[in-house]
2 protein chains.
Amino acid sequence: LRISARKLAGRSMIWSRKSSIFAPTDTYARRHIGPLEVKDTEHMLNTLGYPTIDAFVADVVPKKILTRRPLRVEPAEGFTESELTRRLKEIASKNTVLRSYIGTGYYGTIVPPVIQRNILECPEWYTSYTPYQPEISQGRLESLLNYQSLVTDLTGMAIANASLLDEGSAAAEAMLLSFHSTRGKKKTYYVDPSVHPQTLACIESRASVFGIKIVRELPDNDNDLFGAVGQYPATDGSVSDWSALSERVHAAGGLFAVASDLLALTVLKPPSEFEADIVFGSSQRFGVPMGYGGPHAAFFAAADSHKRKLPGRLVGLSKDRLGDDAYRLALQTREQHIRREKATSNICTAQALLANMAAMYAVYHGPKGLQAIANRVYSITTIFAFALQKLGFNIVNQTWFDTITIRTGDANKVLAHAVTQYGINLRKVNETDVSVSLDETITKEDLVDLISVFSTLLNDSPATMITHDSVDELANELGISTIAAAPIPSQFKRDGEILNYSVFNSYHTETEMLRYLHHLQSKDLSLANSMIPLGSCTMKLNATTQMTPLSWPEFGSLHPFVPRDQANGYTELISELEADLADITGLDATSLQPNSGAQGEYTGLRVIRAYLDATGGSHRNVCLIPVSAHGTNPASAAMAGMKVVAIKCTAQGELDIADLQAKAEKHKDDLAAIMMTYPSTFGVFEPRVRDAIDIVHDNGGQVYMDGANMNAQIGLCSPGDMGVDVCHLNLHKTFCIPHGGGGPGMGPICVKSHLEPFLPGHPVVTMAGDKSAAIQPVSAAPWGSASILTISWAYIKLMGGKGITKSTEYALLNANYMAKRLKDHYPILYTNAQGRCAHEFIVDVRGMKETSDIEPIDVAKRLQDYGFHAPTMSWPVAGTLMIEPTESESLAELDRFCDALISIREEIRQVEDGAQPRENNVLKNSPHSLKDLLTGEWDRPYSREQAAFPLPYLKERKLWPTVTRLDDAYGDLNLFCTCEPPALEPESHL
Amino acid sequence: LRISARKLAGRSMIWSRKSSIFAPTDTYARRHIGPLEVKDTEHMLNTLGYPTIDAFVADVVPKKILTRRPLRVEPAEGFTESELTRRLKEIASKNTVLRSYIGTGYYGTIVPPVIQRNILECPEWYTSYTPYQPEISQGRLESLLNYQSLVTDLTGMAIANASLLDEGSAAAEAMLLSFHSTRGKKKTYYVDPSVHPQTLACIESRASVFGIKIVRELPDNDNDLFGAVGQYPATDGSVSDWSALSERVHAAGGLFAVASDLLALTVLKPPSEFEADIVFGSSQRFGVPMGYGGPHAAFFAAADSHKRKLPGRLVGLSKDRLGDDAYRLALQTREQHIRREKATSNICTAQALLANMAAMYAVYHGPKGLQAIANRVYSITTIFAFALQKLGFNIVNQTWFDTITIRTGDANKVLAHAVTQYGINLRKVNETDVSVSLDETITKEDLVDLISVFSTLLNDSPATMITHDSVDELANELGISTIAAAPIPSQFKRDGEILNYSVFNSYHTETEMLRYLHHLQSKDLSLANSMIPLGSCTMKLNATTQMTPLSWPEFGSLHPFVPRDQANGYTELISELEADLADITGLDATSLQPNSGAQGEYTGLRVIRAYLDATGGSHRNVCLIPVSAHGTNPASAAMAGMKVVAIKCTAQGELDIADLQAKAEKHKDDLAAIMMTYPSTFGVFEPRVRDAIDIVHDNGGQVYMDGANMNAQIGLCSPGDMGVDVCHLNLHKTFCIPHGGGGPGMGPICVKSHLEPFLPGHPVVTMAGDKSAAIQPVSAAPWGSASILTISWAYIKLMGGKGITKSTEYALLNANYMAKRLKDHYPILYTNAQGRCAHEFIVDVRGMKETSDIEPIDVAKRLQDYGFHAPTMSWPVAGTLMIEPTESESLAELDRFCDALISIREEIRQVEDGAQPRENNVLKNSPHSLKDLLTGEWDRPYSREQAAFPLPYLKERKLWPTVTRLDDAYGDLNLFCTCEPPALEPESHL
Ligand SMILES: Cc1ncc(COP(=O)(O)O)c(C=O)c1O
Ligand SMILES: Cc1ncc(COP(=O)(O)O)c(C=O)c1O
Ligand SMILES: O=C([O-])O
C-alpha cells in the first residue's frame, strides 16, 4: 500500500496546510519537519512496514494513552512565517519602551552590534549544545573560560563557574553552599538589607525547605549563624566596606557572600578585599538586553577551597592526547547527572549563550573601555546626586556607584510624574523613597530629563529649567570634565590593573572581534554542521523567524519591573503561551517562572509541597523516583526537601510496577509524590503508566511528570489526560528554544487546578490571580527568561495545533526508522512489544568491551571523525548510546548518521577479528585533529586517509575536531579554570 | 620623539571623539580603524621614523595637493553607533511602506528568513571578494553556478552568466551583443512596445553612442536590422508567442532578444522555443527585496554560439591538480581587465550576493515550490481579471501571467483613489490605463482590497461590497480551487520538468538549507577569516551597524516607482549622501545612478559627451588613458563612443607628462577627456597631477578621475581641489559597501557645476532639478541600488568628517608600514622621492622567474596555504603583486601577513639555493587541500607539515583551500557552466 501523492498540489506533502488557491506559500511546518515530502515518508514507512503514519503510531503509542485529543492551539494550521512576523509585530507594539532607571539588578546596556549579529543572531553559536564533547567545542569552551576569567579577575576570587541561571538562584546557591559547608548543623542566615528584594525572596524560598532561618538583623549571638550575604554596591546605591561583617561571620565559622556588579567592580575594590568567600551577581549589563527579565548569565565565584563544591559548570584546562592544552568541562563528577540527590545543585542547563555575550563584551571593550564606561556612569551619577542636593532633595545613600536613592516623601507621585511627563521609569523603594540607577546608555539629554523630573516636582518654586548648559555647569563645579575626573573615593578605589590577559587586550576593533568570533565558532559543531542526536535533549532546529524578534527593542529593552501597563504585549504573549502549554499538557495552569528543566522540577515539587502543607499533608515527604530517572530529578527532590526512594525498572526497561506498588504502600503515610518521565528515559511508551499513576494517587501522593520527552506526546497523548498533577516542559527541547551552547533554557510547569493557587509569585511585580497561597519565587524575574518565550510562542503558532502533532509523529518515525536501520548492526535496548521505540532509542555497545576493548566513548569520539556529535553516552544505561533524531532531521541526514555508525561497527569488527590491534586503533585514537594527522611521523596500523575520510561524504563536508581526545583525569587533578587561550600565549600556562 | 598617551582617557586613542564626560562610549571610528591605539600607532610611526602622523603624511602627499580642506560632513566627530541607528530609524520612518502592485520589473517577494539571516546578514557571505582565487571560493562559485543553472534551465538557453547589474543594463548589453555580432555594420534595432519603459531608456541611452537607431515599429525593410527585443510577459501583462518576430529577425541576419521573468518561466514555455538568441531579465522576485530599486541581480542567457561574447562573469567547471572537479571564473580572457577597449563589456563588479540569494531561493523552494508560487500568482491574477470584467472594466491584455492592464479612463484618479482609500500603489501606464501586477505576497485580503479599489470607483452603481466570500465565489465560478486549477493556456504552458538537478531538489527544510549555506560559506575566505589585501579593491570591513538597516522593511519594501512622497526618507538620505560625496570630492553635484565603478566611468564620459555636444564640441572624441589604467577605463571609453589614446608612464611609474603634453596637443582639436586614477594605479601620489590636469584643460578636454583610490585622498586632498571635472567613487571600496563576493557595488559620479545639468534622468520617476539636458539613464532605477546607499551614508555619518580623514591617514600608514617591513625581502616598485607609497604598493616578484622559476601565481597560491587571500596579481604591472591593506587592518594582522610573505621568500630561496627542486616544490604545488595532504602516498621533497603549517599561527587558525590549483586551460577548453555540484552527483559531469 503506497500513499498516493497525486491529489497533493505544490510541493508534495503528506500533510499540507490549506488547499485553497489563496493559501500563502511561506508555510512553516514543511520547513521544520525533515522528511515531510511524500517520497521520504513513504520510504520510511515502507522500511518499517506500515501503510500509513496512523498505523505506525498505533504500534508505538499504547492504545489506552493515545487519545489524540484535538488541540485548541490557534491557528490550527499555523501561521505562515510572514503572518507570524506580522502578528508578533502587533504584540510587540503593545509593549511601550520607555527609559528605565529602575536598576535592582537590571540595567540598560548597549549590545555591541558585532556581538549581536555574530553570537545572538548566529545559528552556529545558538544551536550548539552544552560542550560535553570538548574536541568539537573548543570555541565556546574558550569563550566560557574567558567568562570565568572575567569574573575571577573582577571579583578577586580564585575560581568562578561558567554561569548560573540568574542572580536570584545564584544567591540561593550561595546560601546553600554556606549551609552545607557547616554540614547543615547551623540554621541561621543573615541577609543584609542591602540585598535586592527579589534576591531576598529567592533566598527565602530556597531556605524554607531546609528549615533555614533567614534573619534581617544580626543576631545577638552568632552561634547558629552559618553565613551572611551583603550587597556591594547596595540596593539603595551605597558602597560600603564589608570587612567588619565578613570578619564577624568568619569568627562564627560561617561563610560571607557578596552580591555584586561587574561594572562597578571594574573601578571598585574587589570583594576579595573584604575576605568574601563567595561573590555572585548578574552579568546582564555586559551587553545582554534586559529582555523583561532574562535570559541573563549570573556569575558565581568563590575562594579556592570551595572549588569542588561550586554549583554549575566549570570550564577547565587540560591536555589532549598530543599533550596540547585543551579546554573541557571540569569536575563533572560533582554534578547532578552523576551525584543525583547528593549533587551540589540541580542545575543542568545554564546560560552559556549569555555568558558568552558578556565575556565578548569585555573582550571587545577591554579593561580600559570597561573602566571608561564605569567611570562615566559613576561621574554622571555624581553630577545627578549633586544636582538633586542642590535642588534640596534628601539623598539616602552617602556613597554610590550608579544608584541614588531619594527621599521624596511620595514615591508614587514621583514615579507617575516621571512616566507621564518624561517617559522615564524610576524605582519605587518604599512609599517615600525612589531610586535611580544610571547605566551605559545614559546621555546628557537623559540626565537633563532626569534632573528635570525632580526639579519640576518642586511646585513651591517656579520649575527650574534644566538645560545642557546647567549640567555642564554642575560638572564644572564638581571639577568633572573628562572621563577620569570624578574620583572614586580612595577607600573604595580599585588599585592595579584589571583583566590583564591578552584576550581582553586584543580584539577591540570590529574586524578583530569578528575574526575572533568567527574563529571560535568555526571550531564548534552545531546544528549548522550536522545532526546532534542527543537522546533526551531534542536538538531540533529553531527557525530564523522564531529567533528574529529577540533583536527587537520592544522585547529586548523592557526592564522586568516596569509598570505592567507598559508590557501589555508581553502579557498577551505570555497568557497565550500559558494557555497553549496547558492545552498541550492537558493541564489547567502554567507558571513560566522556572529558568530550566531542573528548576521546573524543583518548582513543581515545591508547589506539591505547598499543596500538601495546605491540605494537612505536611508530613508527606517521600518522593518516589525510578532508577532510570535523569539525575536532576533526585537532585531537585533533595533541594525541595524530599526524601528520595528509588523504584526499580524491569529488564524490559519498564517501571517495575510491583516495586512501585510495594514502595507506595510502604510509604503511604508519608508519600508526597512520584517523579516519572514519559515516554520513559529508556525511550519507550510504557503501557502501564496509568496504573502507576493510580497507585501513587491511591497512596496519597501527587504525580510529577518530567516533560523532557513531551515532544513524543504532543497531540497524541498528554500528561493531563493520563492523570498527572504537574509537569515541567523543557522549552529548550520540545518548544524550539535553541540550546545556545549550554543555555538559555526555560522549564515552565503546568499543573492541575488544585495546584494552581501555589504557583510562584513575585515580591516586586504583581502577577495575575490570587497570589495569597503562592510559593515564593524560584527566579529573580516574574516570568523567568521572558524574552525567549517569544521563541516557543512563535514555534507553536507557526506549527499550529496540527503541525505540532505532526512533529510528534515524525519524531517517532525518525527514531524508529533509524532503529530499524541500525538493529542488524547493534543491539537496540528496550523496544515495546511491537518492536518499536518512542522518539529515541538506546544502542547497546556494552558487549564490545569484551570482544574488542571498545567502549562507548571510543564510538562517541570516533563519530567526531565522521563529522557528527555523539549521542547521549552511558545514560540512562551505562555502556550505551541513546539516539534522538528529532523531527527536524531529513531522511538523508538520518541515513548519513546510520551509515557512519554502521561503518564504525565495521571498524570495531576489524579489531574483533584481529585485523587491527586492541590499542592504537582508529577508534582508540579518535578523534583525529589535523595537527595529529599532519605533523610528525605516521606509524599507526591504519592510514591517515582511513582516519580522516572513512566515508566518501567526508571529503566534501566535515567539521574537524581541533584537538585530540582530552585527558579528563589530568584536568581534574590540575584544575586550571582561568587563563589565556593557549594559542595566544602558550608560555603563560600552568 | 614619542607620542604621549598620558592625556588620553579611556582606551588610549591617537584621536578620540569627544573628551567630555558625557561623550557616549559606543563611538565607531576606533572600532573601524585597525591600529588606532596609541601603542600600535607609535610602533608603526617609529618603524617608519616619524614623530607624528602629520609628519608622515607630509612625506606621502605632495605639498601642492595636500589641502586638508575641512570637510563639511556632519557630525564632524561622527555619530555613535546607537545615535546612528536612532537617526536612521527616524529617516526610515519617513518612508511609507504601502502595498505596491506596480510591477514593471519589481515585485513583492518573501525573503526566506534562513536566506536573509545566513546570506544577506552573514559577514562570511557579504564580505568576501569576487572569486578570482577559486581554491578558497568554491562555496560561492558553486552557488553562482546554481544561479547559472537556474537561468539556463528556466530560459531554455545554453549558457548564462553569473549576473549583470540590472535589467536595464542587461538589455543594453543584449543590444550591443547583437550589434557587434553583425560587426556594427547594421544600425537599426527594434524595441517592441512590450518592453518596460526604463528598459527602453537604458537601451536608447547606450544606442546613441554607437549611432544605433532604435525603432518602435518594425521597418518596412529589414536590411539594416541587426536585432530586436520583445518582452515575455509584456509590460502590459500579455503573454505572446514571439516566433514570428524571431523568425523575421533571423531572416534579416539579426539576433532576437527576449526580456523575461523567471517566475513566469517556471510555468510558461521558455523563450528558447521562440528561438530567442538572448534572454535577460531580473531575478529580484526570487527573494531579493525591492529596495527602492536595487541591488538586484539581472540574468543574461544566450545561445551556445555566443558564449565567448557573453558580457559579465561566467562560472565554469574545471579540474584541479588532483583531477577533481572544481569551479572557477571561466573565459576571463574576454573581460575588460585583459581586453581593455576590446572587451565585450566594461562590467567588472556584478551582483553576486543577490544572485546567490536568488539562486538559494530557488534551491529552497525547488521546482515544485516555484511552480506553486507561479501558479498561485497566475490563478489569483485570473480571478482578479475576472472580477474586473464582471465589474465592467475593459482589460487591455487578453493574456497574462501576473499583470492586468485596465483601461480606466482616468489613471491619475484611480491611482490616487487606490493610495488614499486602500494604501495600495498601482502603475500608471498612460493617462487612461492602469496596470496591476500581483506577486508572491498577495493574500486573499489583498485581493479583496484590490477588487474593491475598482468596485468603489463605480459611482453610478452603489459600491459593491467585496468580501472573502465574493472572491471565493469568483474562484469557484472559474473552477479554481486548488493551486493547479487555473490552467495556463496550452499554447504557453510549459511542458516537462524544470530544475531537475539534485541541488534544487535537496534542501527544502530550514535545517537542510542552513547546512548547505553554512557548508558553502565554510569553504570561502572572507574578511571574517583574514585580511584580503587586494590592491585597488579596498577590502575594508563594513560594520554591522551599517548593514542592519538593509533588513528594515522601510528600506527594503519600497518599489522604485512609488510616488515620491512615499519615499521622503530615501530622499533625505540620498540628498545628504549626495552632498557629503560632493563635499568630499570637492565637486558640486552627485549622481547616484551608476551601479558599479565601471558604470560610473561610462556615465561620467557620457556626461562629458553631452556637455561637449552642448558646447560645440561634438567632434571631440579622443580620450587619453594612461597605460597603467584599470581595464574598465578604456572599456568604458569605448562604450561611450570615444577613441582611446594611450599615455605612457615613466620608469618611476609616473604619468609621462611629456607624452601627455604631446598627445594632448596633437589631439587638441578632438580631445574630449583624460581618464586618470589618483593616487595612480601604481600606488603613488604623482606630484605633477595638477600639471597634467592643466594640460588637458588647456587643450579643450575634460578631466575624468577614476576614484577607485579615493580612500587615499579623503580629507587630505580632493579631485575638485585639483581641478578635476568629474570623478566616480566606488562606494563598495572607499565607502564600506561590502563586496558581497563580487557585488553589489555602487559607482556614483560627482561633477563640477558645468556638468550638473547633464547628470542622468529617468523616464518614470521625476528626479530633482531641471532635467531637460539630462542624459538618458544608465540604470533601470533612478538612484541605482538605493537600498545599499544606507551603508555608505551610515559609514560617513559614523566616522564624521574627522573620522573619514583619519581613515585616509591610516590607509596610508598601514600600507607604508607593510612596505617598510617587506622591502628587505622583495623589491617595492614605485615609491615617491621620500620612499613612500600611497595606500597600496607593488611587490615585485619578476626576478624570481629566472632564479627559481617561481611566478607571481605561485606566491599568490602559496599565500592560501598561509591562510591569506592573494594581493592583486599582475596588475597594473605584470609579474607583480599589489597590496592594499586598508585602514581596518590591525597591526597584528599586518604583521602576520608580512610574516607570511617573508616566510614565502625563504621558501623561494630554498629553490634558488637548490635545496628544493624548481618543480614539485611547496610553491608550485600550492595550494594544498586536505585531500591532497591526507590521501595517497607522500613522495614530495617537503613534508606535509611544511605544506600545511609553515608558520605556527596556522595550527591555531587557518582557512583551508578545498581544492588544489585549478587548471584554467582545461576549463576554458571544456567549458561547462551549468551542472550539479560535483560532490553530490559525481557521475553527472562532462
Ligand atoms: C529527562 C530530563 N529531565 C530533566 C532535565 C533537566 O532539564 P534542564 O537541563 O533544562 O535543567 C533533562 C535535561 O537534560 C532531561 O533530559
Ligand atoms: C582603478 C579602478 N577603476 C575602476 C574600477 C571598476 O570598478 P567596478 O569594479 O565597480 O566596476 C576598479 C575596480 O575594480 C578599479 O580598481
Ligand atoms: O576587479 C579588479 O580588477 O579590481
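**Exercise 1. State where A:Pro744 lies and which kind of peptide bond precedes it.**

Solution. A:Pro744 is found in the loop between β21 (726-729) and β22 (749-751) of chain A. Helices (H or I, at least four residues) and strands (E, at least two) are DSSP runs, numbered from the N terminus. The bond that joins A:Gly743 and A:Pro744 is cis, with omega about 15 degrees. Most residues other than glycine have a negative phi, and most peptide bonds are trans. The model is predicted: local features need pLDDT of at least 70, side-chain atom pairs count only at pLDDT 80 or more, and totals for chains, interfaces and linings use all residues. Residues are numbered from 1 along each chain as its sequence is written, chains are lettered from A and ligands numbered from 1 in the order in which they are written, and side-chain values use heavy atoms, with hydrogens and water left out.

**Exercise 2. Describe the phi and the burial of A:Cys736 and of A:Thr538.**

Solution. The loop between β21 and β22 of chain A also holds A:Cys736. Phi of A:Cys736 is near 70 degrees, a positive value in a residue other than glycine. A:Cys736 is buried, at a relative accessible area of 1%; buried means under 20% relative accessible area, exposed over 50%, and partly exposed in between (1.4 Å probe, protein chains only). A:Thr538 lies in the loop between α17 (510-522) and α18 (544-547) of chain A. Phi of A:Thr538, a residue other than glycine, is positive as well, near 50 degrees. A:Thr538 is buried, with a relative accessible area of 1%.

**Exercise 3. Determine how the axes of α13(B) and α16(B) cross, and which residues meet.**

Solution. The axes of α13 (residues 352-391) and α16 (residues 468-477), both of chain B, come within 10 Å and cross at roughly 100 degrees. Axes are lines fitted to C-alpha atoms, for helices over the stretch in contact, and angles run from 0 to 180 degrees between N-to-C directions. The two helices are therefore roughly perpendicular; angles under 35 degrees count as roughly parallel, over 145 as roughly antiparallel, 65 to 115 as roughly perpendicular and the rest as oblique. From α13(B), B:Ile383, B:Phe386, B:Ala387 and B:Lys390 meet B:Val471, B:Leu474, B:Ala475 and B:Glu477 of α16(B). Contact means heavy atoms within 4.5 Å. By class, this contact has 6 nonpolar, no polar and 2 charged residues. Ala, Val, Leu, Ile, Met, Phe, Trp, Tyr, Cys and Pro count as nonpolar, Asp, Glu, Lys and Arg as charged, and the others, Gly among them, as polar.

**Exercise 4. Find how many disulfides the whole structure has, then examine B:Cys348 and B:Cys750.**

Solution. A search over all chains finds 0 disulfides, a disulfide being a pair of cysteine sulfur atoms within 2.5 Å. B:Cys348 is in no disulfide, and the nearest cysteine sulfur, in B:Cys537, is 7.7 Å away. For B:Cys750, the closest cysteine sulfur is that of B:Cys727, at 6.3 Å, too far for a bond. B:Cys750 is buried, with a relative accessible area of 0%.

**Exercise 5. Work out how chain B is laid on chain A.**

Solution. A turn of 180 degrees and a shift of 0.0 Å along the axis lay chain B on chain A with an RMSD of 0.0 Å. Copies are superposed by least squares on the C-alpha atoms of residues with pLDDT of at least 70 in both. The two copies are thus related as by a two-fold rotation axis. The same surface serves both copies, since 100% of the contact residues of chain B recur in chain A.
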